[in-house]
Amino acid sequence: MRYEAPKSIDEAVKLLGGEKGQARILAGGTDLLVQMKSGRLEPDLVVDIKRIDGMRKISSEKGGFRIGAAVAGAELGEHAELKKTWPGVVEAARLIGSTQVQGRASMAGNLCNASPAADSVPALVAVNAMAVVVGSKGRREVPVADIPTAPGKTSLAKDEIVEAILLPAKPANTGDAYLRFIPRTEMDIAVVGAGVCLTIDGSGTCTAARVVLGAVGPRVILSDACAKALIGTKVDDAALAKLAAAASAAATPIDDKRGTKEFRTDVTGVLAKRAAKIALERAKGK
Amino acid sequence: MSQIHVSTTVNGDAYEFLCEADEPLLDALRDRLGLTGAKEGCGTGDCGACTVTLDGRLVCSCLVLAAEADGQKIGTIEGMADGEKLHPLQQKFLEHAALQCGICTPGFLVAAKNLLERNANPTETEVRYWLAGNLCRCTGYDKIIRAVMDTAQEMRRA
Amino acid sequence: MAQDIAQKSRKFDIVGTRPIRPDGIDKVTGRARFGADMNAPGMLIGRILRSPHAHAKIKKIDISKAAALPGVKAVVTRDDFPVTDGNAGLMDILTNIMAREKALYDGHAVAAVAATSASIARKALALIKVDYEVLPHVTDVDASYKPGAPLIREDLITSGVEPAPTKPSNVAARHQFGHGNVDTGFKEADVVVERSYKTEATHQGYIEPHACLASVSPDGQADLWVCTQGHYMIRNVCAQLLGMDQSRVRVTASEIGGGFGGKTTVFIEPVALALSRTANRPVKIAMTRDEVFRATGPTASSSMDVKIGAKKDGRITAADMVMRFQGGAFPGSGVEYGAMTSFACYDLENVRIVGWDVLCNRPKLAAYRAPSAPIAAFAVESAMTELAQKLGLDPIEFRLKNAAKEGTKSCYGPTFGPIGIIDCLKATKDHPHYKAPLKANQARGVACGFWFNFGGNTCVSMNVGFDGTIALAVGTPDIGGSRASMTMMAAEELGIPYDKVRCIIADTASLGHNDVTDGSRTTFSTGLATINAARDVIKKACQRAAKTWGIPEEAVVWEKGYAKPAGANAGKFEPLSLAEIAANSPNTGGPIAGHYEVNADGAGVGFASHIADVEIDKETGRTTITRYTVCQDAGKAIHPSYVEGQYQGAAAQGIGWALNEEYIYGKDGTLQNAGFLDYRIPVASDLPMIDTVILEVPNPGHPYGVRGVGETSIVPPLATIGIAISAAVGKQMTDIPISPPKILKAIKSKG
């Protein structure tokens, strides 16, 4: 295996494109090194992108934020403005792993690892985040939801790198939230995750909503039925009950070591409902 | 396989070593620099026994490549005491019997020190969540949490 | 020794205080050396190839490519471990450390290499070609117990059954304990509870993976550095497996990063020795966490049927139980310990426990803290509380009414001496926790537990320096602070300060045999030996004083560190300190050292009673432990902080077992969660503070009244928490771990 730490994104793209064997990008490394340790992955080249300018920076852009691909969870948590604007996204990213993992793990890494249980992805999709993808053919912006295509698989070409994640400007009276279920209080992979972003008008009626379910399908599920259960309502108990039912119906989980199909289906509804309540409070500015 | 040359600072001292490209920092610390205070409990970032600081941030050294340490500052348990004077956390861990077998202790101490540097007055819940990535199988955490809380109180008074 | 109990009222100077442990500074500064922290010149790295199949015939192992890889210095397989002429148990150990005709579980060792680097060793493993013929497997105890299950051993005939079965099965043995007549007893009962329970296997989960450094010379001398609970056991077993003389194998116990019973046998040590012997170089092996889970000591998994009957007044008339335990692919599930401990808290007229020892395609069981007792207690205590509810009695009152006491014939045979179960139950009842109000969705459970506590072979040397300070050599590895308690007992008995004694764990060449640190035996047995070695020193010091003074030996007494004339008739001499006597010892007969060797008997049995409060999220089935209290009898707490630590640690392990820890096998028989990510031990944010109450009912078998304290408190938590959750959800929870999916299902089934 070769280790390279290029100083520019172009150099990184070239390295990836030029590698005949298996190449992997190293941001926080909290998934990559685990896969290497287990022997599941034996890359020929690892490209460390942390020495590239901007990769570890959070900046304001178009009223929203540009988050470099190697910004660690802990750094997101220390950014007051970001936390205030999109608390759901920050909370989701902060749920990944321990304090130690938070010192390294990035949202872009979480996204490109393409685990269906990634905590930050439902939250990012809920707020309609974009990924900036750079490759030999140039730079493009892609909805975050389109990056993972299946467990462990992405839509990225071999020489493409997610350079940053873009969070949009927050519309007025909008709130986001993410909740996950784990058996312990920390250190587990999500058994179910639910991200909600909703907007209300002056009367408190929901005018827009995005509900995203994690760990209950091969990819995260952006559920129109869930959104419909909220839009046009005051997000009252009746609407929340409909949301819960819609979320459970939208979930397509499997039985595995982390939970049963039945359990995941039930809890999806519960979390969607609870996340919507928090998002509503945030939309109200509370 | 050609090895990578790394220049780094560990506990304030300059070190240079050669490592394999896929070598975790933990292995380099233990096998190349002889700093065996960081332990491998899992090798997958789940137990925290290998906790060190990398440029002031807590990390699991099993999840960092040694090559990444080039030009960085590393802090390990070996750098915690000031000569023969123990850090207050080390002293309180002894007084509170906050260790039994002691294998997790270096990781807990490095993590707790980093917490108190950021938050001089943490609640019990904050301490518990901050240290959730450090597994201890002996103590049930009770005496560890008490030792950290007591240290924080004493350091605030000092 | 019995006269020492007159010392029940003895006022101690050091025992009962909380000094800083002697190995503390090394452990808070990173200097302490554990299993993997030792290196040697010319050292090779060893790695083990493991079966990916749950059950497979090993038709052929081709090591030629691996052996030819540059940097590889040794490759060993089953051919390098010839059959021993030892007993069947030894043959099982041999078969477990290196597979023979068959791979018996996912993770079973098949071959090993030693190479100049870890990466070459890893590459070499990939070059070993193993020709497997995959066989049908079985990992569930009930499935394996049934006729027609895939046979793990073609020649296994169930023992303990009359007449002996003619056909082989996976059932290795039947055990029975009890007394009286349960049929008569049930006829007298007004109320009967009958229920079945299951528990899944757990792992000890010590944070330090097994590691050792072996060095064997062509002349047959060997040195081994290893993290273990018993380095004499390692020496003896390795010597037998490899055909070496015990005295030529010197084993040094490293600091040990947790064991909990899991480091009471050999795994990698004979392999490292064999590799070193072949390569004629030192070989280090450190397991990965994945290997620890797949190939080292899980507990039994079980299925149990319990039936208890009682009169309306709460007096139990009969208790009957059948237990089926699997302990992996070898006989020895520990079901007999489960059977023996099951009803030991109670004074029963009619009791019968039958245990079945079953094989499965899982790793060979190793002891885990009060092995089998938590499993049995889960079933028994759950049924006890259900019965109390049916009778309309307070669960503690019901237990007190039936509690064992001095003179009770235990369910496993012996009659109890002075014991602490009633004290524990009363302390539980009187604890503010038991009366504290509960909030919505919260419930409380109470349960008790028993463990035998062990004694065993012990040898201690106490060496007095010419300055009168003490080097104390013991042979039981220190897992949780035993060097502190040995130092305290030595200083107490000699009457000198704590810091004038240094206790070390001596290597196997330096002391006679010592049994493993297990069964909560160390503070009891090694403590007893230390006190007696101190008395040997005192006796010799008094002789030297007598010689110095020119008076008879009997005319000298020892008081608080000084030899004194016994009375006015003995003569008038200034008292002599141990330091003065030691300084003069070259003139009075040479150096002074005390010794004691014993196969210690009289370890007092241990009891504990716990209270747990749980809060259930009724929409997700998540459990939060909101409060937890442990009451346990210590006999005499030498260092109370480390006694509390044992109570808290044991309770935390039990909480993990109750809620989330389990071995999960896939349909293919491979372990699905061989890592700390999905094998979920409690983390700091999962637990509340764990309150402790130390009770002291002195053990007549120990000079200071000590009982072992290390294990008993892992026995009650499964039941304590199960009972609390059952109360919260309104349904009997009978399947451990009581994980969120099971709780949510129970809540939903109630509608």
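Two strands count as paired if DSSP finds at least two bridges between them. Keep that cut-off in mind as we walk through this predicted model, starting in chain C.

Look for strand β21 of chain C, residues 562-565. Strand β21 and β22(C) are joined by 2 bridges, so by the cut-off of at least two they count as a pair. Their pairing is antiparallel. To see how the two strands line up, find C:Ala563, which sits opposite C:Leu576 in β22(C). What holds such strands together? Strands of a sheet pair through backbone hydrogen bonds, and they can do so in a parallel or an antiparallel way.

Now widen the view a little. These strands belong to an open sheet of 3 strands in chain C, with the order β20-β21-β22 and antiparallel pairing. Which strands form its edges? They are β20 (556-559) and β22 (576-577) of chain C, each of which pairs on one side only. Across β20, β21 and β22 of chain C lies helix α16 of chain C, made of residues 522-549. Helix α16 runs at about 130 degrees to β20(C).

Next, let us turn to chain A, which has 11 helices and 14 strands. Its C-alpha trace spans about 55 × 40 × 35 Å along the principal axes. Why can we call the radius of gyration of chain A in line with a compact globule? A compact globule of 286 residues would have a value near 19 Å, and chain A has 19 Å, so the two agree. Of the 286 residues in chain A, 56% are buried. The contacts tell us about the chain's path too: among those in chain A with a separation of 6 or more, 65% are between residues 24 or more positions apart.

Definitions and conventions. Residues numbered from 1 in each chain as written. Chains lettered and ligands numbered in written order. Predicted model: local features only at pLDDT ≥ 70, side-chain atom pairs only at ≥ 80, totals over all residues. Helix = DSSP H or I, 4+ residues; strand = E, 2+ residues; numbered from the N terminus. Contact = placed C-beta atoms within 7 Å. Axes fitted to C-alpha atoms, helices over the stretch in contact; angles between N-to-C directions. Rg over C-alpha atoms; globule rule 2.2 N^0.38 Å. Buried ≥ 20, exposed ≤ 12 C-beta atoms within 10 Å, placed from the backbone.
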